[in-house]
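Work through these short exercises with the model open beside you. Try each task before you read its solution.

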Amino acid sequence: MANVFKLKRSSVPGQAPTGAQLEVGELAVNLSDVVLYTKDTSNNVLTLTAQPLDSVTNTSVTFSASANSVKTAYDTAIAFSIALG
């Protein structure tokens, strides 16, 4: 039998977790906004967003990072795979 794990989650548009609500590396998801969150070792909540794969027009991927945002050009399923390692 497969192990099942559940992410912290919300269905409220625009709602994001705070640093106090997440452990470092823990994942949370907003199902309404389709956004994945995690926390880094500096207590910053990082937002992992994605574009649908059919909206990507080339094969290159651009990663940009700041204290509050990490964006990728992968679809949601691939972004979850990357985030989970």
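**Exercise 1. Place Ser32 and find what it touches.**

Step 1. Ser32 sits in the loop between β2 (28-30) and β3 (35-39). Strands here are DSSP runs of E with at least two residues, and helices are runs of H or I with at least four, both numbered from the N terminus. This is a predicted model, where local features need pLDDT of at least 70, side-chain atom pairs count only at pLDDT 80 or more, and totals for chains, interfaces and linings use all residues. Residues are numbered from 1 along each chain as its sequence is written, and side-chain values use heavy atoms, with hydrogens and water left out.

Step 2. Check the cover. Ser32 has 37% relative accessibility, so it counts as partly exposed. Buried means under 20% relative accessible area, exposed means over 50%, and partly exposed lies in between (1.4 Å probe, protein chains only).

Step 3. List the contacts (heavy atoms within 4.5 Å). Not counting residues up to four places away in sequence, Ser32 touches Ser10, Ser11, Val12 and Pro13.

Step 4. Take the pair Ser32 and Ser10. They are 22 residues apart along the chain, and their C-alpha atoms are separated by 7.5 Å.

**Exercise 2. Is Ser10 buried or exposed, and what joins its side chain to Gln15?**

Step 1. Locate Ser10: it belongs to strand β1 (residues 8-10).

Step 2. Its relative accessibility is 13%, so Ser10 counts as buried.

Step 3. A polar contact of 2.4 Å links the side chains of Ser10 and Gln15. The term means a pair of N or O atoms within 3.5 Å; within protein, one must be able to donate a hydrogen and the other to accept it, and residues adjacent in sequence count only if both atoms are side-chain atoms.

Step 4. Set aside neighbours within four places in sequence. Ser10 is then in contact with Gln15, Val29, Asn30, Leu31 and Ser32.

**Exercise 3. Describe how β2 and β3 are arranged.**

Step 1. The two strands run antiparallel, joined by 3 bridges. Strands pair if DSSP finds at least two bridges between them.

Step 2. Find a facing pair: Asn30 stands opposite Val35 in β3.

Step 3. β2 and β3 form a hairpin with 4 residues between them.

Step 4. Look at the sides of β3. Val35, Tyr37 and Lys39 point one way, Leu36 and Thr38 the other, and all are buried.

**Exercise 4. Which residues form the salt bridge, and which parts does the pair tie together?**

Step 1. The structure holds 1 salt bridge. The term needs a side-chain nitrogen of Lys or Arg within 4 Å of a carboxyl oxygen of Asp or Glu.

Step 2. The partners are Glu26 and Lys8, at 3.5 Å from N to O. Glu26 lies in the loop between β1 and β2 and Lys8 in strand β1, so the pair ties together parts 18 residues apart in sequence.

Step 3. Glu26 is partly exposed at 22% relative accessibility. Lys8 is partly exposed too, at 39%.

**Exercise 5. Find two residues with a positive phi that are not glycines.**

Step 1. Recall the background: most residues other than glycine have a negative phi.

Step 2. One is Val34, with a positive phi of about 55°. Val34 is in the loop between β2 and β3 and is partly exposed at 47% relative accessibility.

Step 3. Another is Asn43, with a positive phi of about 70°. Asn43 is in the loop between β3 and β4 (45-49), and its relative accessible area of 45% makes it partly exposed.
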